[in-house]
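Open the model in your viewer and keep the selection panel at hand. The tour has two stops: a pocket, then a helix pair.

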Amino acid sequence: MSDQHLQARVASIIALGDDALVLGQRIGEWCGHAPTLELDLSLANLGLDLIGQATLFLNYAGELEGQGRNGDALAFRRDVYDFRNCLLVEQPNGDFGRTIVRQLLFSAYQRLLFESLAKSADSRLAEIAAKAVKEVSYHERLAADWVVRLGDGTEESHNRAKDGLAWNWRFVDELFAVDPAEAELLTAGLMVDRNALRAPWDRIIGTVLSDATLQIPPPVRGVVGGRTGRHSEHLGHMLSEMQFLQRAYPGASW
Amino acid sequence: MNAMVIDRADRIWAAIADVPDPEIPAITLLDLGVVRDVRVTSDGAGEILITPTYTGCPATIAIHAMVRTALDDAGLGDVQIRSILSPPWTTDWISDEGRAKLRAYGIAPPERGDGRGSLKEEGPAVCPQCNSSNTVEISRFGSTPCKALWKCQDCSEPFDRFKCI
Ligand SMILES: [Zn+2]
């Protein structure tokens, strides 16, 4: 395995882990603040699933990299420019409408991604994806139910869902963008061609939005940059809180 | 396989037989189906293969710690615990005895097989209190990752339902 090939593999696995880590952390911010107790439990559990997935991906990336970094080191001791998550997951939660629409957009993508990744030639990735896809199916269902409930609810809830959709839509294109550095990984069947997931994703989202009496937003110019470390200001603020303890007390454990 | 190896494996299984699930202590880890195998390694010590229920389940750490304690208590301190992901845990692995214990504890056990992969078609839960199927989901996620919150329309009792995965 060439150095370049190894680096590309590690980077793509870190991106999988970072998506889950950052969204898990975001969702966790709802804990104690969700509109109802049931939603509080749902969002906390959902965040927990994502953190669990992040742990598996980042630990594996660290092993593969072979520089002595484990999942914790990758999560707590990397600076914002080294994160490879997409911009969608780092956006502030906004209201519940915005949060749950984002969840639908992301979970539908993540489910399709993991279904394909479960067939990866990288057996470790395949088994993580096969495990995680079961959890993600639940996330997608929860989010879809709520988007329909809000969209097809009162005028107020409809407008909140609609605004949430409009806010999140500019970050969708990045989910399906293929990094040129991944070309070799695709040929080797190690990673998933995200581009191919767009059509089935459009169908899934189209059905849910139609049930929710919401329109697919008009095309917007997609905002990208997360996969190459060009993040919005929001990620830095999140990391300053998430990484505080390990920054202030390096290596602390209990 | 020689008799000594079988004896060793039996001892390991026996040592962990009563370890309860940390979140639902009414059932054991063996009922839950998370202990996938016990192997006697070439050095004669042995290892236990454990799979997590959910990737982020905080009980995973507690489970490993409890198994460790049970092994140590039985004088099997050299037995290793190994975490495996594949094949992924399914609620189909919960034993019949485990299902009966869950019901008695007030938790509706998961359906077998058919619930998996066709989550949308998951039917109503059977109330563990009065056996009615006239039930509704209150919350898809309950007090732990593995449970959803349901309510019986006949006896009005809320109850946990083991999610089918
Ligand atoms: Zn009842």
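Helices (H or I, at least four residues) are DSSP runs, numbered from the N terminus. This is a predicted model: local features need pLDDT of at least 70, side-chain atom pairs pLDDT 80 or more, while totals for chains, interfaces and linings use all residues. Residues count from 1 along each chain as written, chains are lettered from A and ligands numbered from 1 in the order written, and side-chain values use heavy atoms, without hydrogens or water.

**Stop one: the largest pocket**

Select helix 2 (37-65) of chain A. Helix 2 of chain A gives the largest share of the lining of the largest pocket, 11 residues. A pocket here is an open set of points on a 1 Å grid over the protein atoms alone, where a 1.4 Å probe fits, with protein on both sides within 12 Å along at least five of seven lines; lining residues have an atom within 4 Å of a point.

Now add Ile51(A), Thr55(A), Asp72(A), Phe76(A) and Ile61(B). These lie nearest the pocket centre, among 41 lining residues. Helix 3 (59-73) of chain B also supplies at least two lining residues.

**Stop two: a helix pair in chain B**

Keep helix 3 of chain B and select helix 1 (residues 3-16) of chain B. Their axes (lines fitted to C-alpha atoms over the stretch in contact) come within 9 Å and cross at roughly 125 degrees. Next, show the contact (heavy atoms within 4.5 Å). Ile12(B), Ala15(B) and Ile16(B) of helix 1 meet Val67(B), Ala70(B) and Leu71(B) of helix 3.

Definitions and conventions
Axes fitted to C-alpha atoms, helices over the stretch in contact; angles between N-to-C directions.
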